[in-house]
Amino acid sequence: MATQQGSASAAALANQDIHQDTTVKWFLLGAVGYFAIVGIIALIIAAKFVWPQFLGTIPYFTYGRMRPLHVNGMLFGWLLAADMGLAYYFVPRLCGVKLWSEKLGVATSILWNIIIISAIFTLLGGYQKGFEYADLPTPVAVLVVIAWVMFGFNIFATILTRKYNQMYVSTWYLMGTILWTAFVYLTGNFATLLPGITGVNQANLNWMYTHNAVGLIFTPAGLAVAYYFIPRASNSPLYSHKLSMIGFWSLAFVYVWTGAHHMLHGPISQWLQTISIVFSVMLLIPVWAVVYNFIATMKGQWHQLGDNVSLKFLMSGTIFYLLTCFQGPMHSLRSVNAIVSKTDWIPGHAHMAVLGTFSFLAMAGVYYVIPRIFKTTLHSESLANWSFWLFLIGGLGMFTALWLGGFWQGWQWNNPSIPFIDTVVALQPVWMVRFLSGIIIFLGIVLFMFNIVSTAISGGRNASEATARS
Amino acid sequence: MLGKTDKNASWFVVAALGLFFIGGLLTTVAPPLLDKSWSKPFENHDPAKGPTGKLVAYTDQEMRGYRIYIREGCKYCHTQQTRTLLSDTKRSGWKGVDSPVSTPDEFVYDWRQTFGTKRTGPDLSRIGGKYNKQWHKAHFNNPRDLVPGSIMPPFPWIANNPQELDDLVAYLQTRGRAKDWRPDNDYEQ
């Protein structure tokens, strides 16, 4: 018994030592940096709603060029890069082997940085391609495809050399992300450009991509992160393997049908709208399966929330996931859609998904991983706790202001005797609250970045001192 | 079959892509084959069947204006769809005439779809012919001079560039014109 335990802990020790985690460091530190840079862009465009002349006469800083930079910068520069960095961390550990190639991983990170910097210049320069979420000009989109193939190859090669036969649910979600993203990205960025693809046909392909960018890229990548870090951070086993399978395979089948719900009441075939509504409502199945599994895993462990920042982010992210994925199916009902569609409610909903859910899950992972890979402790638990509350309060302020304002706006639009400009003026207080909430969120980002960078620096210093001593 | 997927990566790949492609193909490739109005340009000469008119391809100048519309990200604040909602047909209307709803056959020549997801400013699907070039020039220079309370950004680099202004206005005047929907035919050039 004693020897068994001894060999198990020796194996665990060996398992710790095999990971270099260079790629993880590159991806996560880059992602955290872009989070702050693009956070400034976010504040500027929020300010433009309140002071429309602000930076208004400079073409490079006009709203219509900065908004796609905000969206693409947050989605690809911060969130996807963070999810990729975390994947480079947990896939080798779940497989019990080293990452297939650290060199390939670092090369992927360098290419990713080239992509994001090109995005900044091309989008502000007015070279946007013209599709929402697929705004990056074609040469940059080609680089994204190359980087994605490099990432996918490295991850799949690691999985194929795994020591443990059974693959954990995070591994499935990540494999799903890699496979689906390939086709979803090609559809939105390249199929839309094929000759003869115009108008409604092109819009339908665009929505297939836009919707599934969230549903089949950020959702499975974020759930992979949550499925790994919730049991890790709470030190408790996942509640149900079967439930995770139900959640995964229903997501795989249901999500892709729903793109046309972005054109409800619009010029697109009625039957296609109805199909998208039916499948949108069915999305409740994978969502509730996942959320139940997360909540049940925490049974008897809730007291840990008090002093565990990662767990705070993970559990608030889970609650936001439940809420945002309740809103989504409800918006797709024609009667609700007639009020909220195209209003400020929708950015409220979108930010709860991308910031409240998936960025919270990614930040939980970053807070957990960074001290471990730099072999040190987090620079400040108390600052991390502050960052959580700033994100939560700023986020809730922004979401609720936009929901209330958007609902009111939709109600006014449906009364044609109110001139349109009056519905714009009426929203001014809402946009002011959104801007102030944005400042609170941005302070959260700054604390988060400061804490992560300080941890990395002190970890690096410890390592060089250790080398000097030996 | 799904039971094997957590131990066998090949089974996993087949199942994950198979399920994805059922919905993917049926909602992207099938619809344009089933609904011809997505690819057949609008044309109607019979007043009994609603608005008359014909969709024509863009001229070179309109196309240049279209590219400016995309370059400046106008679609992030302006939708171009009069939806099947009574209030949309009233708001897209002009001088007491309600607008017809937008149909797929009006957009067949659209090189970049501009339906939009957010309506921060008014819908532009029927903006064609409502305002003349002088109005647009003043409005692009500073929207608040004409519409107090507006939050549209100023576009002096377009207003003060005669070529770009002509191109962009030419594009805007095409919006909604295919359906000759105003009985007095009072379209501004």
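## Two interfaces, one reading

Mentor: Chain A comes with a domain assignment that gives domain 1 as residues 19-167 and domain 2 as residues 330-461. Keep in mind that this is a predicted model.

Trainee: Okay, where do the centres of domain 1 and domain 2 of chain A sit relative to each other, and how many residues does each bring to the contact?

Mentor: Taken over C-alpha atoms, the centres of the two domains of chain A are 19 Å apart. Domain 1 of chain A puts 25 residues into the contact, and domain 2 of chain A puts in 28.

Trainee: How do I read the size of an interface like that?

Mentor: People often quote the accessible area that is lost when the parts come together. Here, domain 1 and domain 2 of chain A bury about 2400 Å² between them, with carbon and sulfur atoms giving 85% of that.

Trainee: And how many salt bridges and polar contacts are there between those domains?

Mentor: The salt bridge count between domain 1 and domain 2 of chain A is 0. For polar contacts, the rule finds 2 residue pairs across that interface, both partners at pLDDT 80 or more.

Trainee: Which elements make up the domain 1 side?

Mentor: Helix H2 (22-50) and helix H3 (63-95) of chain A are the ones that give two or more residues to the side of domain 1 that touches domain 2. H2(A) gives the most, with 15 residues. Sort that side of domain 1 by class and you get 19 nonpolar, 3 polar and 3 charged residues.

Trainee: Now the chains. How many residues of chain A and chain B are in contact, and how much area is buried?

Mentor: Same way of reading. On the chain A side, 85 residues are in contact with 70 residues of chain B. The two chains bury about 6600 Å² between them, and carbon and sulfur atoms give 66% of it.

Trainee: How many salt bridges cross between chain A and chain B?

Mentor: The count is 2. One to pull up in your viewer joins the side chains of Arg65(A) and Glu72(B), at 2.9 Å from N to O. As for polar contacts, 28 residue pairs turn up across the interface of chain A and chain B, again with both residues at pLDDT 80 or more.

Trainee: Which helix of chain A gives the most to the side that touches chain B?

Mentor: That's helix H7 (residues 199-234) of chain A, with 11 residues. By class, the side of chain A that touches chain B has 48 nonpolar, 29 polar and 8 charged residues.

Methods: Residues numbered from 1 in each chain as written. Chains lettered and ligands numbered in written order. Heavy atoms only, no water. Contact = heavy atoms within 4.5 Å. Buried area = accessible area lost by both parts, 1.4 Å probe. Salt bridge = Lys/Arg side-chain N within 4 Å of Asp/Glu carboxyl O. Polar contact = N/O pair within 3.5 Å; in protein donor to acceptor, adjacent residues only side chain to side chain. Helix = DSSP H or I, 4+ residues; strand = E, 2+ residues; numbered from the N terminus. Nonpolar A, V, L, I, M, F, W, Y, C, P; charged D, E, K, R; others polar. Domains from an automatic or database assignment.
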